[in-house]
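Q: I have a protein model to go through with you. Could we begin with its charged side chains and then move on to other topics?

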Amino acid sequence: MLVTAFIIAACGKQVTPNPPGLGAGGALPGYMAVKFDIAGQFNFSSYQYWTVFNTTGNGLTPLTNPQQTNWAAYSTALFAGGSGGATYASAIQFVKNQNPVIPPQFLRVFPTQQQFQYIPNSNGTGSEYQITFQRVIFNPVNATSSPSPPPVSHIWQFNAFTTQATAQNQLVFLDSMGSGGATDNSFVSPQLDIDTCFDQTFYKQQDINPPSDPAAQIVSIEIANNPSPGPHSSPCP
């Protein structure tokens, strides 16, 4: 098991039609919707469920060994967890330190209710949650102890992880989208072009050593994107 923090995916497919007046996955322009599916029912007290994005455009996939690349593939994340029967979701930015050997700060973002919506049981069976968010909440922030972050690229990479529910910034990988699960460092993320309209489901690669608890086993991630209006974007029909 590796200690630290992190999320997503494989082959894609088009899913159900979009609601009238909305874009991919029912997302408004400038928004993205993420559905996280597991093999069992969520156990938010024991596990946390992460979707990590690399928004820098450097082409790296977030993997279970972020220390080896000085966290270069870790820009932002969505995670869901809970305790005492309650569940919650948050948005995170990884703020890098001037010293690359020091792990980044996991900076919690506080969007408005309009910018961030969390549905903990979006399929009615307890095995899927959905987060819909306005992408501007992931515009990089500056910190006095960090180098200037790069601007958000229009090409994102991603991965999905389940981790043990431990102290903040001390997360133990249990599964990922790659075939190696908790220790996989070979998964290559598909490219997500946020200037285009898409709605795709990405399935986890067959795991050679999956977690014994179905509540920790990732099945798929669905990502739907509705571009922001602009001369370089392709709006949803």
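Q: Which side chain meets Asp-175 in a salt bridge?
A: In this predicted model, the side chain of Asp-175 meets that of Lys-204 in a salt bridge, at 3.0 Å from N to O. A salt bridge here is a side-chain nitrogen of Lys or Arg within 4 Å of a carboxyl oxygen of Asp or Glu.

Q: Where do Asp-175 and Lys-204 lie?
A: Asp-175 lies in strand S10 (residues 171-176), and Lys-204 lies in the loop between strand S12 (198-203) and strand S13 (218-225), so the salt bridge ties together parts that are 29 residues apart in sequence. Strands are DSSP runs of E with at least two residues, and helices are runs of H or I with at least four; both are numbered from the N terminus.

Q: Is Asp-175 buried or exposed?
A: Asp-175 is buried, at 0% relative accessibility. Lys-204 is also buried, with a relative accessible area of 15%. Buried means under 20% relative accessible area, exposed means over 50%, and partly exposed is in between, with a 1.4 Å probe and protein chains only.

Q: How many salt bridges does the structure hold?
A: The structure holds two. Besides the pair already described, Lys-204 and Asp-207 meet through their side chains at 3.2 Å, N to O. Asp-207 is buried, with a relative accessible area of 14%. Asp-175, Lys-204 and Asp-207 are thus linked in a network of salt bridges.

Q: Changing topic, which cysteines form a disulfide?
A: Cys-197 and Cys-236 form a disulfide, with their sulfur atoms 2.1 Å apart. The rule asks for a pair of cysteine sulfur atoms within 2.5 Å, and by this rule the count is one disulfide.

Q: What parts does the pair tie together?
A: Cys-197 lies in the loop between strand S11 (192-193) and S12, while Cys-236 lies in the segment after S13, so the disulfide ties together parts that are 39 residues apart in sequence.

Q: Why is the disulfide right-handed?
A: The disulfide is right-handed because the torsion about the S-S bond of Cys-197 and Cys-236 is about 100°. As for accessibility, Cys-197 is partly exposed, with a relative accessible area of 28%, whereas Cys-236 counts as buried at 15%.

Q: And Ser-189, which residues does it touch?
A: Leaving out residues up to four places away in sequence, Ser-189 touches Thr-61, Gln-157 and Phe-158; contact means heavy atoms within 4.5 Å. A polar atom of the Ser-189 side chain lies 2.9 Å from the backbone nitrogen of Phe-158. Ser-189 is in the loop between S10 and S11 and is buried, with a relative accessible area of 8%.

Q: How many helices and strands are in the protein?
A: The protein has zero helices and 13 strands. Of its 237 residues, 49% are buried.

Q: What is the mean pLDDT of the protein?
A: The mean pLDDT is 87, and 87% of the residues reach 70 or more. pLDDT is the predictor's confidence in each residue, from 0 to 100. Over residues 1-21 pLDDT stays under 50. Where pLDDT is low, the predicted coordinates should not be read in detail.

Q: What rules apply to numbering and to the values?
A: Residues are numbered from 1 along each chain as its sequence is written, and side-chain values use heavy atoms, leaving out hydrogens and water. Local features need pLDDT of at least 70 and side-chain atom pairs count only at pLDDT 80 or more, while totals for chains, interfaces and linings use all residues.

Conventions: A polar contact is a pair of N or O atoms within 3.5 Å; within protein, one must be able to donate a hydrogen and the other to accept it, and residues adjacent in sequence count only if both atoms are side-chain atoms.
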